[in-house]
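Visitor: I have just started learning about protein structures. Could you walk me through this one?
Guide: Gladly! Here it is.

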Amino acid sequence: GIFIPEALSVPLYAGGFFALWLFEEKPTLRRGALVGLVLGLATLTKAGLILFTVAFSVFRWIRPAQAGPGPRKAVLALLAAFFMTLSPVTLHNVVFGKDLVWLTSHAGFNFYVGNNPRSEGVFVAPEGTGNNVDSQIRDSKAVAERELDRALRPSEVSRYWSDKAWVFIRENPQAFLRLCGRKLLIFFDSREISDVDDYQFLKGFIPFLNFPWLDFSVLGPLAFLGLWLSVRRTRQAPLIYFWVGSYLVGLAAFFVNARYRLPLLGVFFPIAALGLMDLFEALRRREAVKIGLCALALGAGIWLGQMKLVGTDWSRDYVNAGDVYLEKNDFEKARGFYDEALRIDPRSAKAHLAMGILFSKQGRQEEAKGYYLKAIEEDPRNAQAFNNLGFWYDKEGDLETARSYFLKALELNPSSSYAHNNLGMIYGKSGDNEKAVKEFEASLKINPRSARAYTNLGLVQYRLGRVEEARASWRKALEVDPGFAEARRALSAIQNTPISFDTT
C-alpha cells in the first residue's frame, strides 16, 4: 500500500462541503472559522480548493447571504482561519527550507506536465524525468539547473517549469483550450486512470480487487444525471455547481488521474443518489418525459465514460511487477514480466534497462550490455543505463571508458549518489585519491545512508594517511548497516586486511 494525501482529501473535502452548507444557512463567526479550518486542512492534501475558497469569499463579501455586517465578518473569519491553517507550511518552508514556497515546490512541474506540446491530459513524464515522485523531484531540478546553468532553489525550479508551461499556453492558445476540454472529458472516463499503479492490472495479483465493487463506470453516469437534472432543485444548488465547477477548472489546469478525482467523490455520491432517486420516482409515476430526460442524461454519462481518449499501456506495470520478483532473485518470473513489457512496447527503455539488470545479476554480462545500450538508444537521457554501462566496463578493467560513462550519468542526473560513488571508485583505482574523496563525499551528501560510500571513503582516507578519519568513516558505515562486512573487516584489521572498492 502507498499512503497518498488523497486518502485524507476524501473526508476533509466532504467535511469542508458540509461545513459550507451550514455556513450558507447561517453565516456566523464560529461557522466561518470552522469552514476556513477544514478547507485549509483539505487544501494541504490537495490544493484544488484554493480557487474555490478565494472566489467564494469574494462572492459572499460582495453579495452576503443575509443582511447586516455579520455575514461579512463571518467571511473574514473564514479567510483568516483558512490562511492561518496554511501558514505553518509556508513558515516551515522558509525557516527549514530557506526558500519562500507557499505550499509545494512541485506545482510548477505538475503544471508543465499538464500543459506542454506532448501533453495528453494525463500524466506523461517530461523528457529527462522519471515516473515516481522521488525521481521527479530530483530530475526536474537537474533538468532546470542544466538548462539555466546554475544551482536553483526549489521555488526557482518550480518557476522554471511553470514558465515553460506559460510559454506553451501563450504561443498555442487554441491548443491549450482544446487540451482543457479534453481533460474535462477524461475526468468522466469510467476507468481509474493511474500515475502509480493500474488497478485493472493489479486484479491479476490481488483477488480482493476482483470483487464487483461500485466504481466510476456506475458512479460517473449517475453523478452526471444528478448534476444535470436533480441538483438544480436543491436548496444549495449554486454552492454545489460552484464547488464541482471550480474543482474541475483547477484540474483542467493540470492533468487528470484517478487519485486527483477522489476528492470530489464525497459530493458525487449524494449527487448520484439524488439522480437515482429522481429516476426511480419518474419510473414509479410513469412520467414519460422525465424518464426520457433521465435516459438521455444517463446515456450521455455512459458515453463520456466510454470515450477512452487515452490508451492503456501496461508495459510499465509489467516492469514494476518484474522488479518485485527480481528483488527476490526469482529470475524466471522476473524475465517473464519483462518479456511481456517488451512485447507490449518494444521501445520501452525502462524494460530494456530492467532486462539488463536481470542478466547482470545472472552473470550474463554481454547480454546485459546489449540491453543497456538498447535502453540508451530508446532514451538517450537514461542516466541509470549509463551508470550500469560504466559498471560493466569497470568489471572489464576498462577504467577510462567506465569513467566516461559515470561522468555521462552524472551529467544527466547530478543527484545520483550511485554514480558519484562509482566515479569515486574509478578515481580511487586510478590513484587519484583527492578526486575520489570528493566524489564519495558528494555521494554521501545525497544519500547519507550509504554504507558502501562510507566504506570506500574510509579506504581512500586511509591511503592518504588520515587513519582516524578512516576509522570514523567505517564506524559510520556500521551505524548505517551493522552487517556491512567490508567496514567491519577494515576496523578489525586495518593494516592486515586488504579492502577493495566496490560499485553500486
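Guide: Let us begin with a term: helices and strands are DSSP runs, numbered from the N terminus, and a helix has at least four residues. Keep in mind that this is a predicted model.

Visitor: How many helices and strands does the protein chain have?
Guide: Helices do appear here, but the count of strands is zero. The number of helices in the protein chain is 25.

Visitor: What part of the residues counts as buried?
Guide: Buried means under 20% relative accessible area. The protein chain has 504 residues. The part of them that counts as buried is 46%.

Visitor: Where is Lys-308 found?
Guide: Lys-308 follows helix H14, which covers 288–305, and precedes helix H15, which covers 315–327. Its place is therefore the loop between H14 and H15.

Visitor: Is Lys-308 buried, partly exposed or exposed?
Guide: Its relative accessibility is 39%. Partly exposed lies between the 20% limit for buried and the 50% limit for exposed. Because of that 39%, Lys-308 counts as partly exposed.

Visitor: What is the phi of Lys-308?
Guide: Most residues other than glycine have a negative phi. Lys-308 is not a glycine, yet its phi is positive. The value is near 50°.

Visitor: Which residue in the loop between H15 and helix H16 (331–344) has a positive phi of about 60°?
Guide: The residue in question is not a glycine. At 48% relative accessibility it counts as partly exposed. It lies in the loop between H15 and H16, and its name is Asn-329.

Visitor: Is Asn-433 buried or exposed?
Guide: Asn-433 has its place in helix H22, residues 433–446. Leaving out residues up to four places away in sequence, it touches Tyr-427, Gly-428, Val-460, Arg-463 and Leu-464. Its relative accessibility is 15%, and the limit for buried is under 20%. So Asn-433 counts as buried.

Visitor: Which helices give two or more residues to the lining of the second largest pocket?
Guide: The second largest pocket has a volume of about 250 Å³. Among its 17 lining residues, the closest to the centre are Tyr-112, Pro-126, Glu-127, Trp-161 and Lys-164. The elements that give two or more residues to this lining are helix H6 (133–148) and helix H7 (154–171).

Notes: Residues numbered from 1 in each chain as written. Predicted model: local features only at pLDDT ≥ 70, side-chain atom pairs only at ≥ 80, totals over all residues. Heavy atoms only, no water. Buried < 20%, exposed > 50% of the residue type's maximum accessible area, 1.4 Å probe, protein only. 1 Å grid on protein atoms, 1.4 Å probe; cavity = no way out; pocket = protein on both sides within 12 Å on 5 of 7 lines; lining within 4 Å. Points joined across faces, edges and corners; volume = space filled by probe spheres on them. Contact = heavy atoms within 4.5 Å.
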